[in-house]
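Biologist: I am new to reading models like this one, so please take a close look at one part with me.

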Amino acid sequence: MAEQQHLYLVDGSSYIFRAYHRLPPLTDPEGTPVGAVYGYTTMLWKLAEDLEKAEGPTHLAVILDKDSKSFRNEIYDQYKANRPPAPEDLVPQFPLIRDATRAFSLPCIEMAGYEADDLIASYARAAQARGWNVTIVSSDKDLMQLVGEQNGARIDMLDTMKNQRIFREEVKEKFGVGPELVGDVLALMGDSVDNVPGIFGIGPKTASKLIAEHGSLTAALDAAPEMKPSKLKDRLTEGRFDAELSKVLVTLKEDCELPEPLDDFKLDGVPAAPLAAFLGKHGFTSLLRRLDGGHGSPSRATDLNPPKQQAQSDKGAPEGNRQPLPEMPPIDRNAYETVQTIERLEHWVERAFAARQVAVDTETSSLDSVAADIVGVSLALGPNDACYIPLAHGGSDMFAEKPQQVPLADAIAALKPLLESDAVLKIGQNIKYDINVLARQGIAVAPVDDTMILSFTLDAGRSHDGIGGGHGMDELSERHLGHTPLAFKDVCGTGKKQIPFGEVPLDKATEYAAEDADVTWRLHQHLKPRLSVEGGTRIYERVDRPLIPVVAQMERHGIKVDRAQLARLSEEFASETGRLEKEIHALAGEEFTVGSPKQLGDILFDKLGYKGGKKGKSGQYSTDQSVLEGLAAQGAEIARKVLEWRHLAKLKSTYTDALQEQINPATGRVHTSYSLVGAQTGRLSSTDPNLQNIPVRTPIGRQIREAFVPEAGNLLLAADYSQIELRLAAHMADVPTLKEAFANGEDIHARTAQEMFGEVTRDTRARAKTINFAILYGISRWGLAARLEVEPDEAQAMIDTYFQRFPGIQRYIHETLESVRERGYSETLFGRKTWFPRINSKNQAERQGSERAAINAPIQGTSADIIKRAMARMMPALNEAGLGHVRMLLQVHDELVFELPEGDVSKASPMIERVMAEAARPAVELSVPLGVDIGTGTSWDAAH
DNA sequence: CGGATCACG
DNA sequence: GACGTACGTGATCCGA
C-alpha cells in the first residue's frame with residue numbers, strides 16, 4: 001500500500017467549548033440548545049468532505065473526555081479544581097456530541113482516568129510510529145507538544161475555527177521554542193484555567209525566554225543558583241517544586257493502552273440514513289438538504305422533512321402557525337425604560353452580553369439609511385424587557401431645554417463591543433437599515449438575524465398583501481403576536497404636521513421605539529424555530545443571511561453619477577418634448593395633455609377616428625406602446641410622435657431629473673436601497689432610486705448609462721451571466737439538445753431557430769428568442785400569438801414543435817405544477833420556497849396566472865440564489881487575492897457592477913468571473929456551464 | 001390612491 | 001359559454 005495514511009484525531013471536548021462561545025445560541029425544534037452541536041456537526045461534515053483531498057483524512061476518530069477526574073488529580077488534587085461549571089445551556093449538548101459522532105458512523109473514543117489529550121497523544125504517536133501522518137483537530141496549546149516530524153511521518157494540528165494549520169513554525173511563533181520544549185514552557189508559566197501552578201510571577205514571555213536560553217526546564221532551574229540576585233532568581237529557586245509538579249501535569253501521557261486499534265478508524269464513507277435521522281431530529285435542515293443533494297439528484301432536492309400536513313392546511317388557509325406559540329405576556333408599553341445615564345446603559349449592555357441575543361432597533365432622522373442621522377437606539381432582551389436610549393432628541397429648538405441623554409460618543413463606545421461581539425446575536429427587523437446607520441458611527445454590527453428575512457424565507461408568496469410584501473413589522477406583529485404596535489404616524493404625525501423623531505418627547509419615543517425592539521424580539525421567537533421545521537435553514541443561513549452585510553455595504557458605497565451629463569440630457573429632452581408636443585397638438589387640431597392616456601385615447605380614436613381602439617375595464621381606450629405602434633404602421637404620424645414624446649418624457653422624468661436629486665451631498669454618489677424581500681422569487685429589488693431599470697435598450701436611453709462613472713483613476717467593471725435562466729431551464733428540465741448547445745458555447749437562440757424552423761435567419765432567430773422566453777414565463781398560445789403576431793393556432797403548433805424538439809420541457813412544466821398543487825409551493829435548486837395560494841383557485845384566470853408564475857419561479861429563483869451566493873463570496877475571494885479595495889456597487893439580477901483601480905482589472909476580472917461561474921457549487925452541480933461576460937469602461941455604458 | 005404606462009432582467 | 005392571456009420588479013403621471 002503505497003498510499004500515505006493520514007489519521008485525523010478530533011478533540012471533541014475542547015471543540016464544543018469553543019463552538020459554544022463562538023456561535024449564537026440556536027435551539028432545535030424542541031427547544032434544546034444545539035448551537036455548539038451544530039458547529040461540531042458542520043466541522044465533522046467539512047472533514048468528511050475533505051476525504052478525497054490530498055491532505056484529507058484516511059482514518060478518523062473523535063476523542064472525548066470520559067469524566068472530570070484523571071490520574072493527574074491523584075498527583076495534584078487541585079488540578080482543574082478552579083474550572084467554573086459549564087454554562088447551563090451547554091450541559092445538555094455534551095451527550096449530543098456523542099450522538100453526532102455516531103450519526104457520522106465515526107469512532108468515538110474515551111477512557112476513564114485519562115484525559116482526551118492523553119488518548120490523542122497516544123494514538124498520534126502510535127500512528128506516527130507506523131509512518132502515518134497525523135492531524136490533531138484542536139487548538140489546545142498542550143497538544144502543541146506533539147507537533148513535528150519523526151520516522152518520516154508528520155504530526156500537525158488544525159484549528160477549524162480559525163481554519164489554520166499548525167506546523168512546527170506556528171508552534172515556534174507562539175512559544176518561542178520548538179514543540180519538544182513546549183511542555184517545559186507550560187510548566188514554568190502554568191495555566192490558570194486548568195489550575196496548573198507553574199511558577200508564580202512567571203508568565204508566557206519569561207517562560208519562553210528562559211527555556212529558549214537554557215534549553216530545558218531542568219537546565220533553567222539548575223541555573224538559578226548561578227544567577228545574579230534578582231526576583232527571578234528567587235522565584236526560580238523557590239518555585240522549583242511547583243515547576244516540576246507542573247511539568248508532570250502538562251506532560252502528555254503518550255503510552256496509554258489504546259481502547260480500539262488504529263485500523264478500526266479507517267474511513268469508509270458516511271452512511272446517509274443514521275446521519276439523516278440525527279440531522280432531522282435536531283432540525284439541521286440545511287445539512288439535511290446537503291446530504292440529500294450529495295447522494296440524490298441535486299436537481300430534485302427533495303424535502304426529507306416534508307411538511308405534508310402543513311401543505312394541506314395551507315391550501316386555502318395560507319396562514320400557518322403550526323408551532324405552539326411561545327408563552328409571552330402581553331405587550332406593556334409602560335414597562336420600558338428610558339436610558340438616560342451611562343450607568344444604566346452599561347447595565348443594559350452587560351445584561352445583553354449575558355443574554356447572548358438582543359433585539360436592536362435604531363431611530364433616525366430619515367428613511368434613507370445612508371443619509372440618516374441616528375436619533376436613538378432601542379434594545380430588547382425579552383418580552384417587555386426593553387429600553388430606549390435617546391441620543392439626539394430636542395435638537396431643532398435652540399432655546400428649549402434638551403432632555404438628559406447619554407452623550408452620543410459615550411453611548412456609541414458603550415454599545416460598540418456588544419453590537420460587534422461574535423458571541424451576541426443581534427436581532428433586527430430589516431437590520432440592513434440599522435447596520436448602515438450604525439456603520440456611520442463606526443460600528444460593524446454582527447452577527448445578525450433578521451425577522452423580515454425570516455418571514456420572507458418562510459412565507460414568500462403566502463397571501464398576505466401589504467407594503468413590505470407582507471413582511472413589514474406591523475403586519476408580522478398583527479399576524480404572529482395579534483398585537484398592533486404604535487404606528488410611526490401616531491407619534492410623529494403625517495403630512496405637513498409630521499415632526500422628526502428627534503422632536504418626539506422621550507416618554508412617547510420610548511413607548512414607540514422600545515416596543516419595536518420588543519416586538520422584533522418576540523417575532524424572532526416565533527419565526528426562528530420554524531426555520532428548521534419548515535426547511536428554511538439552508539436558504540436563510542447559506543444564502544440570504546450572509547447577504548445582509550454584503551448588500552448593506554453596496555448601499556453605502558453607492559455609485560458616482562455625472563450630474564452635468566444628466567443636466568445636459570434633461571435640457572435636451574425638455575426641448576425635444578416641447579417641440580414634439582407642439583407638433584402633436586397641431587396634428588390633433590387642439591391642445592391636450594399628451595401625458596394623459598385618457599385624453600390621448602379620445603383624440604386618437606374618437607376625434608381622429610383611427611381604427612383599433614380597444615377599451616379596457618376602466619372604460620378607457622388603451623394607448624400603450626403596441627397600440628401606438630400599430631397606428632404608426634398604418635401611417636399615423638401623430639402616433640409616431642407620441643411614441644417619441646413618451647420615450648423622452650419617460651427618460652427625463654424618471655431618470656435624468658430624478659437621479660440628480662438622488663445624489664447624496666455628503667458622498668456625491670447615488671445610494672440605492674435594495675430590498676431583500678422585494679420579489680417573491682428571491683430576487684432583490686431596488687428603490688430610491690431604482691438602479692435596476694436604468695435604460696439600456698435604446699441609444700438615447702443609453703446616454704443615461706454614460707452618466708454612471710467611476711472615480712478618477714478607476715474603471716467600472718460589469719460582469720453578467722449569459723442566458724442564465726435558459727441554462728437553468730436546460731438543466732432543470734434536463735433538455736439534451738439545449739444542454740449540448742450550451743456546452744458547446746453555441747448561440748442558443750440560433751440553435752433554437754435551427755431546431756424549430758430548420759434554418760437560421762434574422763427572422764427565425766428573433767422568433768426563437770421570443771419562444772424561448774415564452775417557455776421561461778409559462779406559455780400560452782394566445783400570449784405567444786400576440787408576441788409573434790400570428791394566429792393562436794399557429795402559435796400552438798410552434799409550442800408543440802418546441803416540446804417535441806426539446807423533450808423535458810413539457811415534463812418539467814407538468815411535474816412542477818403537480819408539485820405546487822400538492823405542496824402549495826415551488827422550490828429552487830437551493831431549496832427556496834415560493835408559495836402559490838391561488839394555484840388551485842376556481843377562478844381560471846387566477847389559477848392560470850399562478851400556474852405561469854409557478855413555472856417561472858424555480859428558474860428565476862434559482863438564478864437569484866446563484867448570484868446571491870456569488871455576491872456573498874465575492875469580497876472574501878477578492879480580499880484573499882489582495883483585491884480588497886475592489887468595490888462591488890450594483891446588482892441587476894444577472895449582472896454585478898464593480899468599481900476598481902485601472903491597474904487591478906487584469907487581476908480582478910478572472911477572479912470575479914470564477915466566483916460567479918462557480919457560484920452554484922458545491923451545493924448544486926449543474927449539467928450546463930454558467931457563462932459570464934465581463935466588460936470594463938469609464939462609464940456603465942462603456943463597460944458593456 | 002389606483003390605473004396606465006414603460007424602464008429593466 | 002365566458003374567461004382573458006408571458007414571469008419578476010419600481011417610478012411617474014394623470015385624474016378621481
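In what do the side chains of E818 and R821 meet, and at what distance from N to O?

Modeller: Happy to help! This is a predicted model, where local features need pLDDT of at least 70 and side-chain atom pairs 80 or more, while totals for chains, interfaces and linings use all residues. Residues are numbered from 1 along each chain as written, chains are lettered from A and ligands numbered from 1 in written order, and side-chain values use heavy atoms, without hydrogens or water.

Now to your pair. The side chains of E818 and R821 meet in a salt bridge, with 3.1 Å from N to O. That term stands for a side-chain nitrogen of Lys or Arg within 4 Å of a carboxyl oxygen of Asp or Glu. Both partners sit in helix α34, which covers residues 809–823, and because they are 3 residues apart there, about one helical turn separates E818 from R821. (A helix is a DSSP run of H or I, at least four residues, and strands are E runs of at least two, numbered from the N terminus.)

How exposed are the two partners? E818 has a relative accessibility of 41%, so it counts as partly exposed. R821, with a relative accessible area of 27%, is partly exposed too. (Buried is under 20% relative accessible area, exposed over 50%, partly exposed in between, with a 1.4 Å probe and protein chains only.)

You can find a similar arrangement in helix α4, residues 94–103, where D99 and R102 are 3 residues apart and therefore separated by about one helical turn. Their side chains form a salt bridge as well, at 3.8 Å from N to O. D99 is partly exposed, because its relative accessibility is 32%.

For a contrast, look at D118 and R72, whose side chains meet in a salt bridge at 2.8 Å, N to O. This pair links distant parts of the chain: D118 belongs to helix α5 (residues 116–129), R72 to helix α3 (residues 71–75), and their positions lie 46 residues apart in the numbering. Both D118 and R72 are buried, whereas E818 is partly exposed, given its 41%.

Salt bridges can also join up into a group. One network links E576, R579, E583, E637, R640 and K641. Over the whole model, the count comes to 56 salt bridges by this rule, and your E818 and R821 pair in the model is one such bridge.
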